[in-house]
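Good morning, and thank you for making time for this item. I should like to walk through one structure with you, beginning with its core and then turning to its surface.

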Amino acid sequence: MAELGLKKKEIDAIEFAFDVYDFKGDGQVDAFYAGDLIRACNLNPTLKTINEVGGQPEKGKKSLSKAEVFPMYKACKDSKDQGGFHDFVEILKLYDKNDDNTIIGNELFKLLTNLGEKLTKEEAKSLMKELCEPEDEDG
């Protein structure tokens, strides 16, 4: 893996995550879990990036060997199309009109359903119902 320029720590993380997602113990991981495996190695690729490097949106379509995962990890690591928790928080701050660490419910709903990896309206409503405090008179 030295030819890919990966550090020993990264290689160890990939091998560990691969073993976790090798559910059958046959040295193969379903490509459906490629994104989860790579995210377990502290990267945050988008679904688009995962699909471009060989991940699959459906289970059972393709299996990956450990040797195939290393170049996928490298491609995701080199991809500029990723963001993290801190990026999301910074975007949310743009919508904090009163500078009091709150956001109007409708604004949050629009963000969740229109930006980045979009949620469906049902997913956004469910998420907001579960995680958000009830709206006050300002929304």
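The largest nonpolar core has 21 residues, and those with the most contacts inside it are Ile14, Leu37, Ile38 and Tyr73. Three helices each supply at least two residues of this core: α1, residues 8–21, α2, residues 34–39, and α4, residues 66–78. Please bear in mind throughout that this is a predicted model. As a general point, nonpolar side chains in soluble globular proteins tend to be buried together.

Let me take Ile38 as an entry point. Which residues is Ile38 in contact with, leaving aside its neighbours within four places in sequence? They are Leu43, Pro45, Ile50, Met72, Tyr73 and Cys76. Of these partners, Met72, Tyr73 and Cys76 are among the buried residues of α4.

That brings us to α4 itself. This helix has 13 residues and reaches 19 Å from its first C-alpha to its last, close to the 18 Å expected at 1.5 Å a residue. Its buried residues are Val69, Phe70, Met72, Tyr73 and Cys76. In general, an α-helix has 3.6 residues a turn, so residues three or four places apart point the same way. With that in mind, please look along α4 at Val69, Met72, Tyr73 and Cys76, which are all buried. What do the buried residues of α4 pack against? They pack against α1, α2, α3, which is residues 47–53, and β2, which is residues 63–65.

The next residue to consider is Phe18, in helix α1. Is Phe18 buried or exposed? Phe18 counts as buried because its relative accessibility is 1%, under the 20% cut-off. Not counting residues up to four places away in sequence, Phe18 touches Gly27, Gln28, Val29, Leu37, Leu64, Ser65, Lys66 and Val69. In this list, Leu37 is one of the residues with the most contacts inside the largest core, and Val69 is one of the buried residues of α4. Phe18 and Cys41 are 23 residues apart in sequence, and their C-alpha atoms are 9.8 Å apart in space.

Ser65, in strand β2, gives the view from the other side of that contact. With residues up to four places away in sequence again left out, Ser65 touches Phe18, Gly27 and Gln28. Between Ser65 and Asn42, 23 residues apart along the chain, the C-alpha separation is 20 Å.

Asn42 itself is in the loop between α2 and α3. It has a positive phi of about 70° although it is not a glycine. Asn42 counts as exposed because its relative accessibility is 73%, over the 50% cut-off.

We now turn to the largest pocket. About 710 Å³ of space lies within it. Of the 23 residues that line this pocket, the closest to its centre are Asn101, Thr102, Ile103, Ile104 and Gly105. The elements giving two or more residues to the lining are α5, residues 85–94, α6, residues 105–114, and α7, residues 121–131. Which of the elements gives the most to the lining? It is α5, with 3 residues. By class, the lining has 9 nonpolar, 5 polar and 9 charged residues.

Asn101, one of the residues closest to the pocket centre, is found in the loop between α5 and α6. Asn101 has a positive phi of about 60° although it is not a glycine. At 75% relative accessibility, Asn101 counts as exposed.

Two further residues help to describe this part of the chain. Lys93, in helix α5, counts as partly exposed at 49% relative accessibility. The C-alpha atoms of Lys93 and Ile103 are separated by 8.3 Å, with their positions 10 residues apart along the chain.

Leu108, in helix α6, counts as buried because its relative accessibility is 13%. Leaving aside neighbours within four places in sequence, Leu108 is in contact with Leu92, Ile103, Met128 and Cys132. Ile103 is again a residue among the closest to the pocket centre. The C-alpha atoms of Leu108 and Ala124 are 8.9 Å apart, and these residues are 16 places apart along the chain.

That concludes my presentation, and I should be glad to take questions.

Technical notes. Residues numbered from 1 in each chain as written. Predicted model: local features only at pLDDT ≥ 70, side-chain atom pairs only at ≥ 80, totals over all residues. Heavy atoms only, no water. Core = buried A, V, L, I, M, F, W, Y, C linked by side-chain atoms within 4.5 Å. Buried < 20%, exposed > 50% of the residue type's maximum accessible area, 1.4 Å probe, protein only. Helix = DSSP H or I, 4+ residues; strand = E, 2+ residues; numbered from the N terminus. Contact = heavy atoms within 4.5 Å. 1 Å grid on protein atoms, 1.4 Å probe; cavity = no way out; pocket = protein on both sides within 12 Å on 5 of 7 lines; lining within 4 Å. Points joined across faces, edges and corners; volume = space filled by probe spheres on them. Nonpolar A, V, L, I, M, F, W, Y, C, P; charged D, E, K, R; others polar. Expected span 1.5 Å × (residues − 1).
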